[in-house]
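Work through the exercises below with the sequence and the model open side by side. Each task is followed by a solution in steps.

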Amino acid sequence: MDGSYWGNMALDWAARHAWTRGASLHVLRARVDVPSDVPTDLGLSHAHRLYPLLPINCRPVGPAPVVELTTASQDSSLLVLGCRGHRHFGLGELVIPVLAGAHSDTVVVRGTPATVRGEHHIVTAMISGGPDDDVVLRRAGEFALSHRSRLRVVHAAPNDLRPGRTPEDVLHIAELQLKALGLAVRASFTLARQLPHEVLENPGDTDLLVLARGDSPRHPLGPVTRAALYHSPCPVLVVHT
């Protein structure tokens, strides 16, 4: 947290999630250069008022926030970041480096107030037909179950380009994978005849978009994941695989 709007939104999101999952919340407080009359701990006070029984530990962050955040992720089940901080537009400069080095799943809080508050009760999992689909389905299903939400599984494929497997096959396999996980969650499976980037910009009414990191040899995050971080109208959960 840094006292910014998105820092406070990330803190609210993390506190609600920790309370729902019966977890504790560890807050890293960044040092920010703001006027002395601007309060920077309102978000923390708000979290204490909403969840008075939630264990919350807070400590300051030093001059290397990326290192401290990635180190903290080693002992955490989830890392939660605001999409930007004070005086930043677009995506904050720390988000990509932290995601690239994180040792846990990471949520980047962004989007409309309704999605950040979880008002739609829908979680969307983006699958690609690749080896990471199983863990994406698991994380999305677990989140939907704990937050009493429906799960929407989407595969974006404008053309049938993959030899030997159709987009319909990808969805059918995903349905079998989710069934094997044994999660009692209501789920729907949708084939979008669009590019993944087009789906990410307009995923429908959803509170969380779940997808894999999409690493490549040259880039720590794939292009679809980066597009989601810049353009998604809701919080994004990047699964660590």
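The exercises go from the whole chain to the sheet, then to the helices and single residues of this predicted model.

**Exercise 1. The whole chain**

Task: State how many helices and strands the chain has, what share of its residues is buried, and what share of its exposed area carbon and sulfur atoms supply.

Solution.
- Step 1. Assigning secondary structure gives nine helices and nine strands.
- Step 2. The chain has 241 residues, and 46% of them are buried.
- Step 3. About 12300 Å² of the chain is exposed, with 54% of that area coming from carbon and sulfur atoms.
- Step 4. Take the contacts between residues at least 6 apart in sequence: 78% of these join residues at least 24 apart.

**Exercise 2. The order of the sheet**

Task: Give the order of the strands in the open sheet and name the edge strands.

Solution.
- Step 1. Seven strands make up the open sheet, in the order E3-E4-E9-E8-E5-E6-E7, and their pairing is mixed.
- Step 2. A strand at the edge pairs on one side only, and this holds for E3 (78-82) and E7.
- Step 3. From one strand to the next, the twist averages 20°.
- Step 4. At the E3 end, E3 pairs with E4 (residues 105-109) in the parallel sense over five bridges. Within this pair, Val80 is opposite Val107 of E4.

**Exercise 3. From E5 to E7**

Task: Describe how E5, E6 and E7 pair, and find the hand of the crossover between E5 and E6.

Solution.
- Step 1. Six bridges join E5 and E6, which run in the parallel sense. Val123 has Leu151 in E6 as its bridge partner.
- Step 2. On the way from E5 to E6 the chain passes through H6, and this β-α-β crossover is right-handed.
- Step 3. E6 also pairs with E7 (residues 187-192), again in the parallel sense and over six bridges. Here Val153 is opposite Phe189 of E7.
- Step 4. E6 spans residues 150-156, and six of its seven residues are buried, which leaves the strand mostly covered.

**Exercise 4. Helices against the sheet**

Task: Find which strands H1 and H7 contact, and what covers the buried residues of H9.

Solution.
- Step 1. H1 (residues 5-21) packs on the sheet and touches E3, E4 and E8 (208-212); the angle between the directions of H1 and E3 is about 150°.
- Step 2. H7 (residues 167-181) lies across E5, E6 and E7, at about 165° to E7.
- Step 3. In H9 (residues 223-231), the buried residues include Thr225, Ala227, Ala228 and Leu229.
- Step 4. The cover over the buried residues of H9 includes the helices H4 (95-101) and H8 (196-201), along with the strands E4, E8 and E9 (236-239).

**Exercise 5. Asn8**

Task: Is Asn8 buried or exposed?

Solution.
- Step 1. Asn8 is part of H1.
- Step 2. The relative accessible area of Asn8 is 16%. The cut-off for buried is under 20%, so Asn8 counts as buried.
- Step 3. Leaving aside residues up to four places away in sequence, Asn8 touches Gly3 and Gly43.

**Exercise 6. The loop after E5**

Task: Locate Ser128, classify its exposure, and find the backbone nitrogen that lies 3.3 Å from a polar atom of its side chain.

Solution.
- Step 1. Ser128 sits in the loop that links E5 (122-127) to H6 (133-146).
- Step 2. The relative accessibility of Ser128 is 46%, so this residue is partly exposed.
- Step 3. The backbone nitrogen in question belongs to Gly130.
- Step 4. Ser128 and Leu211 are 83 residues apart in sequence, while their C-alpha atoms are 9.0 Å apart in space.

**Exercise 7. Positive phi**

Task: Where do His121 and Arg148 lie, and is each exposed or partly exposed?

Solution.
- Step 1. His121 is not a glycine, yet its phi is positive, at about 60°. Arg148, also not a glycine, has a positive phi of about 55°.
- Step 2. His121 belongs to the loop between H5 (113-116) and E5, and Arg148 to the loop between H6 and E6.
- Step 3. With a relative accessible area of 41%, His121 is partly exposed.
- Step 4. Arg148 has a relative accessibility of 76%; the cut-off for exposed is over 50%, so Arg148 is exposed.

Methods:
Residues are numbered from 1 along each chain as its sequence is written. This is a predicted model: local features need pLDDT of at least 70, side-chain atom pairs count only at pLDDT 80 or more; totals for chains, interfaces and linings use all residues. Side-chain values use heavy atoms; hydrogens and water are left out. Helices (H or I, at least four residues) and strands (E, at least two) are DSSP runs, numbered from the N terminus. Buried means under 20% relative accessible area, exposed over 50%, partly exposed in between (1.4 Å probe, protein chains only). A polar contact is a pair of N or O atoms within 3.5 Å; within protein, one must be able to donate a hydrogen and the other to accept it, and residues adjacent in sequence count only if both atoms are side-chain atoms. Two strands pair if DSSP finds at least two bridges between them. A crossover is right-handed if, with the strands pointing away from the viewer, the path from the first strand over the helix to the second runs clockwise. Axes are lines fitted to C-alpha atoms, for helices over the stretch in contact, and angles run from 0 to 180 degrees between N-to-C directions. Contact means heavy atoms within 4.5 Å. Accessible areas come from the Shrake-Rupley method with a 1.4 Å probe; for residues, only the protein chains shown count as cover.
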